[in-house]
Amino acid sequence: MRSQIEGSRAVAQTVARCRPEVVCAYPISPQTHIVEALSVLVASGELAPCEFVNVESEFGAMSVAIGASATGARAYTATASQGLLYMAEALYNASGLGLPIVMTVANRAIGAPINIWNDHSDAMSQRDSGWIQLYAESNQEAADLHVQAFRIAEELSLPVMVCMDGFVLTHAVEGIDVPSQEQVEAFLPPFEPRQVLDPDAPITIGAMVGPEAFTEVRYLAHEKHRRALEVIPRVADDFARTFWRSSGGLVHSYGCLGAETIVVALGSVLGTVKDTVDELRAEGVSIGVLGVTSFRPFPSDAVRARLRGARRVVVLERALAVGMGGIVSGDVRESVPGTPISTVVAGLGGRPVTKKSLRALFTDAVADRLEPLTFLDLKRDVVERELGRTS
Amino acid sequence: MPVQRIKFYQTGSFAVGNRLLDPDQRSVQADTARTNSLTKGHRACQGCGEALGARYVLDAVMRATGNRAVTVNATGCLEVFSTPFPESSWRVPWLHSLFGNAPAVATGVAAALRAKGRTDVRVVGQGGDGGTVDIGLACLSGMFERNDDVLYICYDNGGYMNTGVQRSGATPHGAVTTTTPAGNSFGQGKSLPLIAMAHRIPYVATATVADLRDLEYKATRAMEFRGARYLHVLVPCPLGWRTGSGETIQVARLAVETGVFPVFEAVDGEVTDATRIRRLRPVEDYLRPQGRFAHLFGDTPRDDVISRIQAEADRNIRTFGLTEPDEVS
Ligand SMILES: Cc1ncc(C[n+]2csc(CCOP(=O)(O)OP(=O)(O)O)c2C)c(N)n1
Ligand code: SF4
């Protein structure tokens, strides 16, 4: 049923309908509303049986999720920014042990300087952690992706991160169709773990692995991600059939067919990008948009298929690979070798990405005036003054 | 079945097993039906106190729970020597995650079991002193404070042994380690049993591998409680302590008999029992056999360090009443 609801609450309700048995998280903006709402659902008995564990840190939160998942419970947590980094060591463990934990990352910049606003630096810093990373474009998609995340995670025995832009999505109130209990049950089968800690069938999980087998273990992790490239779109198709709306998948193309210029982006900025592109197209500019939902695994084939024929590609990045430039750009370049690619770093630490700036940017791109690396709306006078002082 | 405490010290023997006792009072290790939780083939050094301690504790836990326990292990010697893939010495369900998160992972296991309504399966977390008193302390404190139904066991060998004998927060004053080559001048080492007691958890106990019946008793007793429980076991490490591999038990006993390591139990944060010292010895008797204290007795003897360690032992003796006669009841 469609209701006016905050993104965080919609996610919390959706997660609750996925019936996690252990929920834990440590407060950090802009994720906090999600676990607050879940704690209320557990306390009221609406979400039962479920253990809500108040942990002492994000490191503890991921660790509790690891223990719970290894015991065969559906486990969920949420975090953002510094919290995600504080979990980093345990993130590699969750994926290395093949534990299908689902986590919401309410994307937020990483300090210093401390900044609570949105960009993708947090999740992208964990790019190689072995977690699947799905990026939501809207709050509807954020809710829907969580239902799919549990299925994907459990089918592959891999952890999944659902990334939703902090504040822009988490704190926005809008009309959302929160998946109903019946719908979720029709779509998400009960969790059947691959292997569990069980006194009736004792096993050793997490043995020490030396050089004779470590490469094989990592190869298998890689192979699972390749397999995820088939599972993610299949789950999205099933979702569409059950819920009568499409959501998820690997990529979303928006007027890519035949477009000379294609803008690649992730997350909520896609809305503004599409609006801007609509205007330009109305003026006769040949431009399209490719939204990437699955950042890990990176869907190179799907990206190549959509970008084929484009004369140039602009990748809009909400994070910075310091000393290099773009993070997603590298993956896109790998997918379409030979196609000119410009990297645009935009909206760091919550800097608004406006239609006005995008319009100017795309106009430059179409006229082949765009530098290979651009920082959108960078205050040149400020940085030049500072550079002059330090050089 | 509740376990009755058996005091053996009047016999002068700490030997395991006693066929004159009723079967349920015999040592777990004397029982042919024991689990062998940590079985042969592991790669611990000869004379490793930790391997010995872990086996006794887990077999006792398994007996107390009717073989229904799950273990979670921090990084450290115990994990490394027992699970060289594709082999494993564990015959109990066992999970390793990280160095600093064993208590939280154990919490997760306990939470999952609770959610599934499985009250029959119990959870044991374990790690070395480094994993417990240093890097894992926040997770452990959180687990205590929430009173999660977990027994956590610290095998205290007084250092980071797995990485080559570096100083940990539990390394005693004056000891040489590879990061305190001249002997450390820090405090006495963190007393995690006292920190645990400050959380007012249901049960805290200390034990050593010198008194294996007592160790079994405490592991068994711990399983009679629900909620957070903590067992701190002194486990000499021949490599780090620079003792002979045949001296493990002896040196652990000397730690007790000098008052350096008080053996006691505490319920809800109050000390309820302490093992009395029958023949009190000066700390020198404990320090001398250990290479890690050799510099105290070298060309320039460090009487100042020795007397400081003695003062700490004296304080333990006073605090826990270690030389007071046993109450007759
Ligand atoms: C985060 C992290 N830091 C450091 C290490 C390296 N490390 C592995 S085992 C260990 C020491 C273990 O010491 P302790 O917990 O006392 O156990 P012991 O080996 O003495 O039984 C260290 C420092 C690690 N594995 N993880
Ligand atoms: S280094 Fe010490 S604790 Fe580690 S296996 Fe050897 S004796 Fe045991």
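1. Interface extent. In this predicted model, 37 residues of chain A are in contact with 38 residues of chain B. The two chains bury about 2,900 Å² between them. Carbon and sulfur atoms account for 64% of that area. On the chain A side, A:Glu56, A:Pro199 and A:Met208 supply 20% of the area buried against chain B, more than any other three residues.

2. Polar links across the interface. There are five salt bridges between chain A and chain B. A:Asp200 and B:Arg68 meet through their side chains in a salt bridge, at 3.0 Å from N to O. Polar contacts join 15 residue pairs across the interface, with both residues at pLDDT 80 or more.

3. What chain A brings to the interface. Five elements give two or more residues to the side that touches chain B: β3 (51-54), α3 (58-70), α5 (88-96), β9 (204-205) and α9 (211-243) of chain A. The largest share, eight residues, comes from α3(A). By type, this side of chain A divides into 21 nonpolar, nine polar and seven charged residues.

4. A:Asn93. Look at this residue in helix α5 of chain A. Leaving out residues up to four places away in sequence, A:Asn93 touches A:Ile66 and, in the other chain, B:His96, B:Ser97 and B:Leu98. Is A:Asn93 buried or exposed? A:Asn93 counts as buried because its relative accessibility is 12%, under the 20% cut-off.

5. The main core. The largest nonpolar core has 137 residues. Those that touch the most other members are A:Leu38, A:Met62, A:Tyr76, A:Val332 and B:Tyr230. Helix α3 (residues 102-115) of chain B gives this core its largest share, nine residues. Apart from this core lies another, of 37 residues. Its members include B:Leu38, B:Tyr155, B:Ala207 and B:Leu215.

6. A:Met62 in detail. Which residues does A:Met62 contact, leaving aside neighbours within four places in sequence? They are A:Thr77, A:Met87, A:Ala90, A:Leu91, A:Ala94, A:Ile101, A:Met103 and A:Trp131.

7. A buried glutamine. A:Gln126 sits in the loop between α6 (121-125) and β6 (132-135) of chain A. Its relative accessible area is 5%, so A:Gln126 is buried. Beyond neighbours within four places in sequence, the contacts of A:Gln126 are A:Leu84, A:Leu85, A:Ala88, A:Leu91, A:Tyr92, A:Gln133 and A:Met161.

8. Cis peptide bonds. Most peptide bonds are trans. Check two bonds here. The bond from A:Ala48 to A:Pro49 is cis, with omega near -5°. A:Pro49 is in the loop between α2 (32-43) and β3 of chain A. The bond from B:Phe85 to B:Pro86 is also cis, with omega near 10°. B:Pro86 is in the loop between α2 (77-82) and β2 (94-96) of chain B.

9. Positive phi outside glycine. Most residues other than glycine have a negative phi. A:Ser81 has a positive phi of about 45°. This serine is in helix α4 (residues 81-86) of chain A. A:Ser81 counts as buried because its relative accessibility is 0%. B:Val165 has a positive phi of about 65°. The place of B:Val165 is the loop between β4 (150-156) and α6 (192-198) of chain B. B:Val165 is buried too, because its relative accessibility is 11%.

Definitions and conventions: Residues numbered from 1 in each chain as written. Chains lettered and ligands numbered in written order. Predicted model: local features only at pLDDT ≥ 70, side-chain atom pairs only at ≥ 80, totals over all residues. Heavy atoms only, no water. Helix = DSSP H or I, 4+ residues; strand = E, 2+ residues; numbered from the N terminus. Buried < 20%, exposed > 50% of the residue type's maximum accessible area, 1.4 Å probe, protein only. Contact = heavy atoms within 4.5 Å. Core = buried A, V, L, I, M, F, W, Y, C linked by side-chain atoms within 4.5 Å. Buried area = accessible area lost by both parts, 1.4 Å probe. Salt bridge = Lys/Arg side-chain N within 4 Å of Asp/Glu carboxyl O. Polar contact = N/O pair within 3.5 Å; in protein donor to acceptor, adjacent residues only side chain to side chain. Nonpolar A, V, L, I, M, F, W, Y, C, P; charged D, E, K, R; others polar.
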